[in-house]
Structure formats: C-alpha cells, structure tokens
Amino acid sequence: MAAITVLTPTGTLGYGFGDEALARGMALGPAVIAVDAGSTDPGPHYLGSGKPLVSDVSIKRELTALIRAGRHAGIPVIVGSVGGAGSGVQVERTAQLVREIAREQNLNFKLATIRSDIPIERAKRAVAAGEIVDFEAGSPLTEKLLDETVTLVAQMGHEPICAALDGGADVVIAGRACDDSVIAAFPIWRGADPALAIHMGKILECGAFSAEPFAMDVMLGTVHEDSFLLEPGSTARRASVKSVAAHSLYERENPFKQSGPGHEIDLSGCSFEQVGERQVRVRGARLTETADYYVKLEGARLAGYRSIAIAGIRCPTTIRALDAILDDVRRKALDYFAPASLSVVFHVYGGNGVMKELEPETALQREIGLVIEVTAADQELAHAACHQISGAMLHYHYPGIINTSGNLAFPYSPSDLDLGPVYEFSAYHLMKVDTPTELFPVRYEDL
Amino acid sequence: MNTRPLKDLADIVRSKNAGPYRITFDILFKDKARYEAVRATGAISAESVAKAYGIGVSQVSSFFEIDMANAIKITIKRPRAQGSSGDGDMYGCQHHVPLMLIDVPME
C-alpha cells in the first residue's frame, strides 16, 4: 500500500489556520483535505436551533481556501459535522456556501452532501424493538423523549463518506459524523488499515492541538503499512512524543479504548516514537468490529425560553446575606407566577458560579457577579419573572442592611435580556442499524 | 513528611467535557520520574478526587494511570448534563482547581 497523507487544516472549520501552514502542508502532497466542523462540545443549542456554530463569513472564507487548494491539487475536500451539529438545515446551509464558492471562484466539481437526520419514527421503532442502548445519559431513551425531540441526528462512520468518494465526489459536505471517521474515511477508502486510520483520525481531528505550541492550525498525518506519521504544517510547530501522547488523552474518558460506529479500537499497545525534530510515528492500534453495528444518536429538545439579568454586588453586608436573599426571592417568584412553572438559577460569580455544588471553597469575596437566569414556557413569562426577581433583589430589605438605595449594580439598561429558545440534550444513546450507510443518504450535484 | 499541592508537581492539570455527561481530568507530568513519584504516594485516587469535589466515589466514573503518557486521568459524572439548567461551565474546562490543590506527600 502506498503511503496516504491527510491534511487537516484546523480543529474546527471556521476557527482558522495559517496561510503559510496550509501552503507548506499542500506542498507535502496530501491525498485529501479533511476537517471536522462540529461536536456536542458547544452545547445542545446548535443541534436544537439549527443555527450555525461558526459564522457564514468564517466558514466561507476557510472553505474557499480549502476548495481552491483541493481543486488545484486535484484532491477531495471532506468536511464532517457541518454547521456545528450536522443537522439537515446545517448541511444545506454549508452546501449553499459551497455552491457560492464554486460560482464565485469559477470552479467546477462534484459536490456530495450526506444527511444524518434520523426520522423520529425510525428511532421509535428502535425503542420498541429494544435496539437502543444508553450511552452515558444515565436513563433510557423513551417514546416521550423522542416526541419532545426537535432535532435528531446520528454520527455516521467512515462508510457513507467512502460511498460519496465511490460516487466521484470532489467535495463532501457531511452531516453529523464521528470526528475520527471524517479524517479516516479517505485512507480507509484507499485501502489503509482502519485501526491506524481511525487512531490517526482521533489525533488529527483537532488539527495542530497535538503539536507544540498547540493551535488551531494545519496538521498532517501519513498512514503507512504498519504505522502513521504526524507532522504540523507550520515549521513554527513540532510534533513531539509528549504533545501527541498528551493529546491522545484529550476530551475522552478511556485512553486505552476508542469506540466508534461499528468498531472498538484497543490502544493499550500503542507506541510513540520521535522522528527527527518535528515528526512522531505512532504504532500499535488494534481494531475489533463489534458484533452489531451501533450509531450514536444525538437529540435536542426545547426546554423553554430564557431571560437573564447580569448584576454586580459590592456591599459586604449584601454579600454576607446573599444566600438567604437568593433563596427568598426565588421562593417569592415561584409563588408569584404559580401555577406556571419556572426554572430559576443564580450563577454567583465570586462564589460558586462555575462549579456550583462541586465548589469546595467558601471564602467571602470582595465583589460578586450575579447572573439571574429564568427559563419558562414562553419568552414573555421568562422576561416577566426575570424582571420580577431582579427588581425584588434590587430593593430587597434584609437584617443589617446599610445601603437602602439598591443591592444590585446593573451594567445594562434594560437589565433583563431575552436569550430566546433553550435546548437540552434529549438523546445520547446508541441505536442498532442493519448497515452502516442506511441512515445516511448521499446526494450529488455537479457544480 | 511535607506535602505539596499537585499543581507544584504536575506539568498540566486540566478538565474538559468528555461528552455531555462527563468531565474528565488529565494530570500530565514533565517526566517519568515525577509521574512515578506522585503515583507512588497514592495521593491521587478516585477517593481523594471524590473528596476534593465533595461527591461520592460512585460519581467517579473511571481512573487511569497511563504510563506511556506519564499521566493520570480521572473522569467524573457531571452533576447535571452540559448545557442543562444550572450548568455553569459549557466546556467543563474550569473544573480543575480542587484537583490541582490536592496535597501530595513529598519532600
């Protein structure tokens, strides 16, 4: 098998890469450009709302550079989890940008789009058939949860992307895809060892985060017969055994086992070897195909509408009394708006705003930043309740009060801000499928 | 014997989401000697991490010592799902402080 080089321009499409790094990387003769554009990491909003994680401006700018480079070299460009969550509207939005690029740059190529939306009825059938397994959500997927789900996608493996390559695609815009698979698809399609290609995908999908100094920048990986070699695009960076080994722990629970659609990879026998100053060779991944092929579902449901108020508290007497004040205004707001149901959360920065009940320290702070957050069934109610609480707090009287003219320093008028719909994860479960491609239709367009 | 906080002995102490329902902690050491010295004290364990965050050991979902990376990795279950009401850290990347302040017996 000939060596196959994958160029990954950045960790998330739209987050940038160096022009010099791309030019140098392209000069090394990659066989494909592959990049990930999303994850659950930014939260459930992008899945639920269909809004893009990164602006059209940034996506178009970077896709233009990549498609031009790909067309110039005659190699495919593959983008996975487009739009941030890979939902249908996000695939279409990105595809539209690709069409604009083709027109504006006067380029002709075959575009493949791959959808990853799962019909709710399909998932319900799987629930009824007992073909859903909880992944980490801690509770089973139910028909009720699916009825509440507004967007449901599944992570594709490399197979649908390989199907698009079989179909002659020059640019692949894929919905939700396992990050590793986006990078691994082309090498596997060309005959590389899937274990090595997928392990390389896991490291490469974050771009030059596995290099030092780390950055959102170009990283290259070359799959050989029995190993793969990593190298950053920019000569200002290097791959070291330490940077690569450290990165192989990042954002995952089990460093020795990597599960993906239809497979499990054992990394316990891996070795990292420094090659020259800037390259690292990786060996030893072992792949086992699972008896049944499962894909990971990701669903989001509407949790309500949110309004917030932001305020500072400087008075030490207020800060000392704060817990009791918050408990009281919350209780009064819930009573005032009953029977409507409200979720009221106080983020007390300077207290436990970041870690909540996991915060072990209790020292009193000089200054507190308070975010009052209300989620309700509609925006008007959320706004009304948020203002009721911020107003009640502003003029709250408590024992020992020294300043009777107001407890909150608001940086803004209006004090209460409407954040719109709020989404929560409703599905994070595995679903059994008959074939790796059945849920992920490929469409072609000649541009 | 004296103690030193983990942050003085480790090169990197970090936290991050591992999916919407977990926060994973990585402790990376400069070299094998430092990694083995800290590991040998047993000061970093599922029990000590649970204590540092005021949670039960059952909320610690895994604990790994990774020789090839001179690293220790601990993962906990999030008290609430990422992005759900009350979550204050969407990326889970600011949860490392109680861990880095754990005292390690060391001269």
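**Notebook: chain A, its fold and its contact with chain B**

I began with contacts inside chain A: of those with a separation of 6 or more, 75% join residues 24 or more positions apart. I note here that the model is predicted.

Next I looked up the overall dimensions. Along the principal axes, the C-alpha atoms of chain A fill a box of roughly 80 × 50 × 50 Å. I compared the radius of gyration with the globule rule: chain A has 25 Å, and this agrees with a compact globule because 447 residues would give a value near 22 Å. I also checked burial, and 51% of the 447 residues of chain A count as buried.

I then listed the secondary structure of chain A, which comes to twelve helices and 20 strands. From these I picked one helix pair, α3(A) (residues 56–73) and α4(A) (residues 88–104), whose axes come within 10 Å and cross at roughly 55 degrees. I entered α3(A) as oblique to α4(A) because of that angle. The crossing of the two helices is right-handed. On the α3(A) side I found A:Ile59, A:Leu63 and A:Ile67 among the residues in contact, and on the α4(A) side A:Leu97, A:Val98 and A:Ile101 among them. By class, this helix contact has six nonpolar, two polar and three charged residues.

Last, I turned to the contact between the chains, which takes 35 residues from chain A and 37 residues from chain B. On the chain A side, the elements giving two or more residues are α10 (241–247), β16 (343–349) and β18 (416–427). β16(A) gives the most, with three residues. I sorted the chain A side by class and got 18 nonpolar, nine polar and eight charged residues.

Conventions. Residues numbered from 1 in each chain as written. Chains lettered and ligands numbered in written order. Predicted model: local features only at pLDDT ≥ 70, side-chain atom pairs only at ≥ 80, totals over all residues. Contact = placed C-beta atoms within 7 Å. Helix = DSSP H or I, 4+ residues; strand = E, 2+ residues; numbered from the N terminus. Nonpolar A, V, L, I, M, F, W, Y, C, P; charged D, E, K, R; others polar. Rg over C-alpha atoms; globule rule 2.2 N^0.38 Å. Buried ≥ 20, exposed ≤ 12 C-beta atoms within 10 Å, placed from the backbone. Axes fitted to C-alpha atoms, helices over the stretch in contact; angles between N-to-C directions. Parallel < 35°, antiparallel > 145°, perpendicular 65-115°, else oblique. Left-handed = near helix turned anticlockwise from the far one by under 90°.
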